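Trainee: Could we take a close look at one part of this model together? I would like to go through it strand by strand.

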Amino acid sequence: YVHFGTFGTACLDHRGEVLWRRVIPYYHHHGPGSSPELVDDVLVVACDGFTGPFFDKLERDGVDVPQFVMGLDAETGEIRWKTPREGKHSYATPLAIEVDGQSQVVCPGGDGVWAYDPQTGRELWHYPFVGHSVVPRPVWVDGRLLVCTGYHEASLLALDPRELSAERQPTLLWKLSKGVPFVPSPVVVDDLVYLVTDE
(Lines give C-alpha, C1' and ligand atoms only; values in the text may rest on other atoms or scores of the structure.)
Protein backbone atom coordinates (compact mmCIF):
# COMPACT_ATOMS: atom_id res chain seq x y z
CA TYR A 1 0.00 0.00 0.00
CA VAL A 2 1.32 3.45 -0.93
CA HIS A 3 -0.09 6.88 -0.26
CA PHE A 4 1.03 10.02 -2.08
CA GLY A 5 -1.56 12.36 -0.66
CA THR A 6 -3.86 13.95 -3.19
CA PHE A 7 -1.70 12.48 -5.99
CA GLY A 8 -3.07 9.03 -5.26
CA THR A 9 -3.30 6.00 -2.99
CA ALA A 10 -2.74 2.50 -4.38
CA CYS A 11 -2.35 -1.19 -3.65
CA LEU A 12 0.34 -3.22 -5.43
CA ASP A 13 1.10 -6.93 -5.36
CA HIS A 14 4.59 -8.37 -4.87
CA ARG A 15 5.24 -8.24 -8.62
CA GLY A 16 4.51 -4.51 -8.69
CA GLU A 17 1.15 -4.84 -10.43
CA VAL A 18 -1.33 -2.14 -9.41
CA LEU A 19 -4.42 -3.84 -7.94
CA TRP A 20 -6.34 -0.66 -7.25
CA ARG A 21 -5.81 3.09 -7.05
CA ARG A 22 -7.83 5.95 -5.62
CA VAL A 23 -7.41 9.73 -5.66
CA ILE A 24 -8.42 11.47 -2.43
CA PRO A 25 -8.76 15.22 -3.08
CA TYR A 26 -7.53 17.59 -0.38
CA TYR A 27 -5.03 20.43 -0.05
CA HIS A 28 -1.73 19.65 1.64
CA HIS A 29 0.60 22.42 2.72
CA HIS A 30 4.19 21.37 1.92
CA GLY A 31 3.06 18.15 0.24
CA PRO A 32 1.95 14.71 1.43
CA GLY A 33 3.70 13.37 4.52
CA SER A 34 1.47 10.82 6.25
CA SER A 35 1.75 7.09 5.58
CA PRO A 36 -1.28 4.76 5.59
CA GLU A 37 -1.94 2.30 8.43
CA LEU A 38 -3.40 -1.14 7.73
CA VAL A 39 -5.81 -2.27 10.48
CA ASP A 40 -7.23 -5.71 9.68
CA ASP A 41 -9.04 -5.17 6.35
CA VAL A 42 -9.12 -1.35 6.47
CA LEU A 43 -6.43 1.02 5.21
CA VAL A 44 -6.57 4.16 7.37
CA VAL A 45 -5.35 7.41 5.83
CA ALA A 46 -5.10 10.78 7.61
CA CYS A 47 -5.71 13.76 5.31
CA ASP A 48 -5.18 17.04 7.15
CA GLY A 49 -4.86 20.08 4.95
CA PHE A 50 -6.13 23.55 4.14
CA THR A 51 -9.38 25.01 2.88
CA GLY A 52 -7.81 25.77 -0.50
CA PRO A 53 -4.54 25.82 -2.47
CA PHE A 54 -1.58 27.21 -0.55
CA PHE A 55 1.66 26.95 -2.55
CA ASP A 56 0.76 25.54 -5.95
CA LYS A 57 -2.53 27.48 -6.51
CA LEU A 58 -3.94 24.33 -8.12
CA GLU A 59 -7.69 24.03 -7.66
CA ARG A 60 -8.87 20.48 -6.90
CA ASP A 61 -12.42 19.25 -7.42
CA GLY A 62 -14.17 17.33 -4.67
CA VAL A 63 -12.59 18.93 -1.59
CA ASP A 64 -15.44 19.25 0.90
CA VAL A 65 -13.58 19.42 4.26
CA PRO A 66 -9.97 20.46 4.97
CA GLN A 67 -9.22 17.83 7.64
CA PHE A 68 -10.48 14.25 7.69
CA VAL A 69 -9.50 10.64 8.30
CA MET A 70 -10.56 7.98 5.83
CA GLY A 71 -10.87 4.19 5.92
CA LEU A 72 -10.47 2.36 2.60
CA ASP A 73 -11.33 -1.27 1.97
CA ALA A 74 -7.90 -2.92 1.76
CA GLU A 75 -9.10 -5.39 -0.88
CA THR A 76 -10.84 -2.99 -3.26
CA GLY A 77 -9.86 0.58 -2.32
CA GLU A 78 -13.51 1.54 -1.88
CA ILE A 79 -14.26 4.17 0.76
CA ARG A 80 -15.61 2.50 3.92
CA TRP A 81 -15.84 5.71 5.94
CA LYS A 82 -14.73 9.33 5.97
CA THR A 83 -14.69 11.23 9.27
CA PRO A 84 -14.22 15.03 9.18
CA ARG A 85 -12.42 16.68 12.09
CA GLU A 86 -11.49 20.15 13.26
CA GLY A 87 -7.94 21.44 13.38
CA LYS A 88 -5.02 22.66 11.32
CA HIS A 89 -2.83 20.94 8.73
CA SER A 90 -0.74 17.97 9.82
CA TYR A 91 1.37 15.09 8.49
CA ALA A 92 1.41 12.40 11.18
CA THR A 93 1.02 8.70 10.40
CA PRO A 94 -1.80 6.88 12.23
CA LEU A 95 -1.03 4.11 14.74
CA ALA A 96 -3.16 1.03 15.44
CA ILE A 97 -3.44 0.08 19.12
CA GLU A 98 -5.62 -2.17 21.28
CA VAL A 99 -7.21 -0.82 24.46
CA ASP A 100 -8.97 -3.33 26.70
CA GLY A 101 -9.62 -5.60 23.73
CA GLN A 102 -10.89 -2.79 21.50
CA SER A 103 -9.05 -2.00 18.27
CA GLN A 104 -8.36 1.72 17.85
CA VAL A 105 -6.46 3.81 15.36
CA VAL A 106 -4.75 6.88 16.83
CA CYS A 107 -4.45 9.87 14.48
CA PRO A 108 -2.54 12.97 15.61
CA GLY A 109 -3.54 16.14 13.81
CA GLY A 110 -3.50 19.89 14.16
CA ASP A 111 -4.78 20.99 17.59
CA GLY A 112 -5.14 17.49 19.01
CA VAL A 113 -4.99 13.72 18.77
CA TRP A 114 -8.00 11.51 18.02
CA ALA A 115 -8.74 7.79 18.24
CA TYR A 116 -11.24 6.14 15.89
CA ASP A 117 -12.88 2.77 15.47
CA PRO A 118 -11.00 1.46 12.41
CA GLN A 119 -14.06 -0.39 11.10
CA THR A 120 -16.54 2.48 11.25
CA GLY A 121 -14.57 5.74 11.68
CA ARG A 122 -16.50 6.55 14.87
CA GLU A 123 -14.56 8.89 17.17
CA LEU A 124 -13.65 7.07 20.39
CA TRP A 125 -11.79 9.86 22.17
CA HIS A 126 -10.02 13.16 21.58
CA TYR A 127 -7.28 15.00 23.46
CA PRO A 128 -6.82 18.69 22.48
CA PHE A 129 -3.43 20.40 22.50
CA VAL A 130 -1.80 23.52 21.07
CA GLY A 131 0.21 22.62 17.97
CA HIS A 132 -0.01 21.87 14.28
CA SER A 133 2.00 20.46 11.37
CA VAL A 134 2.55 17.34 13.48
CA VAL A 135 5.01 14.91 11.88
CA PRO A 136 6.20 12.43 14.57
CA ARG A 137 4.34 9.15 14.78
CA PRO A 138 2.88 8.26 18.19
CA VAL A 139 4.25 5.37 20.25
CA TRP A 140 2.19 2.86 22.26
CA VAL A 141 3.96 1.19 25.18
CA ASP A 142 2.60 -0.50 28.32
CA GLY A 143 -0.79 1.21 28.14
CA ARG A 144 0.73 4.63 27.57
CA LEU A 145 0.44 6.62 24.37
CA LEU A 146 3.30 9.01 23.62
CA VAL A 147 2.27 11.86 21.29
CA CYS A 148 4.26 14.89 20.04
CA THR A 149 2.32 18.12 19.60
CA GLY A 150 4.10 19.66 16.61
CA TYR A 151 5.03 23.22 15.82
CA HIS A 152 5.00 26.34 18.05
CA GLU A 153 4.69 24.42 21.32
CA ALA A 154 6.56 21.17 20.81
CA SER A 155 5.79 18.87 23.73
CA LEU A 156 5.71 15.13 24.32
CA LEU A 157 2.51 13.96 26.01
CA ALA A 158 2.04 10.66 27.80
CA LEU A 159 -1.66 9.74 27.70
CA ASP A 160 -3.59 6.83 29.19
CA PRO A 161 -6.70 6.09 27.07
CA ARG A 162 -7.88 3.19 29.25
CA GLU A 163 -9.99 5.49 31.44
CA LEU A 164 -11.71 8.43 29.76
CA SER A 165 -13.14 11.55 31.36
CA ALA A 166 -16.74 12.66 30.95
CA GLU A 167 -15.52 14.66 27.92
CA ARG A 168 -14.04 11.41 26.51
CA GLN A 169 -10.47 12.58 27.03
CA PRO A 170 -7.67 10.22 28.09
CA THR A 171 -5.70 10.94 31.25
CA LEU A 172 -2.55 13.07 30.90
CA LEU A 173 0.19 11.20 32.80
CA TRP A 174 3.05 13.60 32.10
CA LYS A 175 4.27 16.27 29.70
CA LEU A 176 7.78 17.08 28.48
CA SER A 177 8.47 20.40 26.73
CA LYS A 178 12.28 20.48 26.53
CA GLY A 179 14.18 19.16 23.52
CA VAL A 180 11.06 17.71 21.89
CA PRO A 181 11.41 17.46 18.09
CA PHE A 182 9.07 18.84 15.46
CA VAL A 183 9.91 16.08 12.94
CA PRO A 184 11.67 12.91 14.24
CA SER A 185 9.50 10.29 15.93
CA PRO A 186 10.28 9.06 19.46
CA VAL A 187 11.50 5.50 20.01
CA VAL A 188 11.06 3.42 23.15
CA VAL A 189 13.67 0.85 24.16
CA ASP A 190 13.02 -1.00 27.42
CA ASP A 191 11.98 1.73 29.90
CA LEU A 192 13.54 4.71 28.10
CA VAL A 193 12.12 7.11 25.51
CA TYR A 194 14.69 8.36 22.99
CA LEU A 195 14.22 11.68 21.18
CA VAL A 196 16.30 13.24 18.42
CA THR A 197 16.06 17.03 18.30
CA ASP A 198 15.64 18.91 15.05
CA GLU A 199 19.08 20.47 15.53
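In what order do the 4 strands of the open sheet that includes β8 lie, and with what pairing?

Mentor: Happy to walk through it with you, and please keep in mind that this is a predicted model. The strands of that open sheet follow the order β8-β9-β10-β11, and their pairing is antiparallel. At the edges stand β8, residues 95–99, and β11, residues 123–128; each has a single partner strand, so one side of each is left without a neighbour in the sheet. On average, neighbouring strands here are turned by 25 degrees against each other, direction ignored.

Let us zoom in on the β11 edge. The partner there is β10, made of residues 112–116, and the two strands pair in the antiparallel sense over 5 bridges. Within this pairing you can find Trp 114 opposite His 126, the latter lying in β11.

For a useful companion view, turn to the open sheet of 4 strands ordered β12-β13-β14-β15, where the pairing is antiparallel. Its edge strands are β12, residues 139–141, and β15, residues 171–176, and each of them pairs on one side only. Neighbouring strands in this sheet are turned against each other by 20 degrees on average, again with direction ignored.

At the β15 edge, the strand to look at is β14, spanning residues 156–160: 5 bridges join β14 to β15, and the two run antiparallel. Here Leu 159 stands opposite Leu 172, which belongs to β15.

Terms used:
Residues numbered from 1 in each chain as written. Predicted model: local features only at pLDDT ≥ 70, side-chain atom pairs only at ≥ 80, totals over all residues. Heavy atoms only, no water. Pairing = 2+ DSSP bridges. Axes fitted to C-alpha atoms, helices over the stretch in contact; angles between N-to-C directions.
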